[in-house]
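I opened my notebook and went through this one step by step. Here is what I looked up, in the order I got to it.

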Amino acid sequence: MTAYEVVLFVHIMVVIGAFATSGVLHVAMVRMRLARTAGEVALWAGVAKHGGRLMPPWTLGLFGSGAYLVEEGWTWDAAWVIASVAGLAALTLLGATSGARFGRALGPALGDAPLDEPPGPRLAAAVRAPGPWVGSHATTALALAIVWLM
């Protein structure tokens with residue numbers, strides 16, 4: 001087995017890990033919207049927070065292994081490589097900004113909410129805000145588009 005094949009395997013495993021994490025984040029967002037108590041929102045917010053922390057290492061793994069693969073078998077001026085690098089940069093920026101905004105809105109709303117009661121208006125509004133929902137799904141769609149290019 002060549003080094004290229006090993007790095008290709010690593011690259012594919014990182015892609016699978018990133019999509020699995022993305023799936024967990026989507027489930028957490030849906031479960032927060034369906035939560036019957038503020039405590040349930042807090043539980044799923046914790047899942048989302050920890051899952052979100054995995055995305056930067058996945059991104060670095062994708063870029064690092066992808067860069068090796070390009071150096072060994074492709075050229076940096078190939079259209080799909082340029083589009084993939086630009087897409088990964090956009091994905092990183094969009095994910096970081098929408099996730100940070102969601103956390104800033106959700107944290108104070110959770111802090112004020114009694115955990116054993118239904119989510120109050122402030123918490124419900126934070127959970128149902130369209131920005132994080134759109135951002136999360138846009139990053140997943142962009143990641144799928146990058147995979148399509150490959």
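**Charges.** I started by counting charged side chains in this predicted model. The protein chain carries 9 positive and 8 negative ones, and the centres of the two sets lie 15 Å apart. I reminded myself that side chains of opposite charge can pair when their charged atoms come close. How many salt bridges turn up in a search of the whole structure? I found one.

**The pair.** The partners are R122 and D112, and their closest N and O atoms are 2.2 Å apart. I checked where they sit: R122 is in helix α4, residues 121-128, while D112 is in the loop between α3 (79-111) and α4. They are ten residues apart, and the pair links distant parts of the chain. Next I asked about cover. R122 has 48% relative accessibility, so I put it down as partly exposed. D112 comes out at 55%, so this one counts as exposed; the cut-off for that word is over 50%.

**The whole chain.** Then I zoomed out. I counted five helices and zero strands, so my sketch from the N terminus on simply reads α-α-α-α-α. The C-alpha atoms fill a box of roughly 55 × 30 × 20 Å along the principal axes. Of the 150 residues, 31% count as buried. The chain exposes about 8800 Å², and carbon and sulfur atoms supply 73% of that area. I also looked at contacts between residues at least 6 apart in sequence: 77% of them join residues at least 24 apart.

**Helix α1.** I moved on to α1, which covers residues 3-34. What span should I expect for its 32 residues at 1.5 Å a residue? I got 46 Å, and the distance from first C-alpha to last is 47 Å, which is close. Its buried residues include V7, H11, V14, G17 and A18, and further along L25, H26, A28, M29 and M32. I wanted to know what covers them, and my list includes α2, α3, α4 and α5.

**V30.** This residue is also in α1. Its relative accessible area is 35%, so I noted V30 as partly exposed. I picked W44 as a second point to compare: V30 and W44 are 14 residues apart along the chain, and their C-alpha atoms are separated by 9.1 Å.

**Helix α2.** I ran the length check again here. Helix α2 has 36 residues, 38-73, and should span 52 Å at 1.5 Å a residue. Its end C-alpha atoms are 51 Å apart, so the two values agree. Among its buried residues I wrote down A38, V41, A45, A48 and G51, plus T59, L62, S65 and V70. Which helices do the buried residues of α2 pack against? I found α1, α3 and α4.

**S136.** My last stop was in helix α5, residues 130-149, where S136 is found. Is S136 buried or exposed? At 13% relative accessibility it counts as buried, because the cut-off is under 20%. I then listed its contacts, leaving aside neighbours within four places in sequence: H26, M29 and S98. Two names there were already in my notes, since H26 and M29 are among the buried residues of α1. S136 thus gave me a link back to an earlier entry, with H26 and M29 both in contact with it.

Terms used: Residues are numbered from 1 along each chain as its sequence is written. This is a predicted model: local features need pLDDT of at least 70, side-chain atom pairs count only at pLDDT 80 or more; totals for chains, interfaces and linings use all residues. Side-chain values use heavy atoms; hydrogens and water are left out. A salt bridge is a side-chain nitrogen of Lys or Arg within 4 Å of a carboxyl oxygen of Asp or Glu. Helices (H or I, at least four residues) and strands (E, at least two) are DSSP runs, numbered from the N terminus. Buried means under 20% relative accessible area, exposed over 50%, partly exposed in between (1.4 Å probe, protein chains only). The expected span of a helix is 1.5 Å times one less than its number of residues. Contact means heavy atoms within 4.5 Å. Accessible areas come from the Shrake-Rupley method with a 1.4 Å probe; for residues, only the protein chains shown count as cover. Lys and Arg count as positive and Asp and Glu as negative; His and the chain ends are not counted. The place of a charge is taken as NZ of Lys, CZ of Arg, CG of Asp or CD of Glu.
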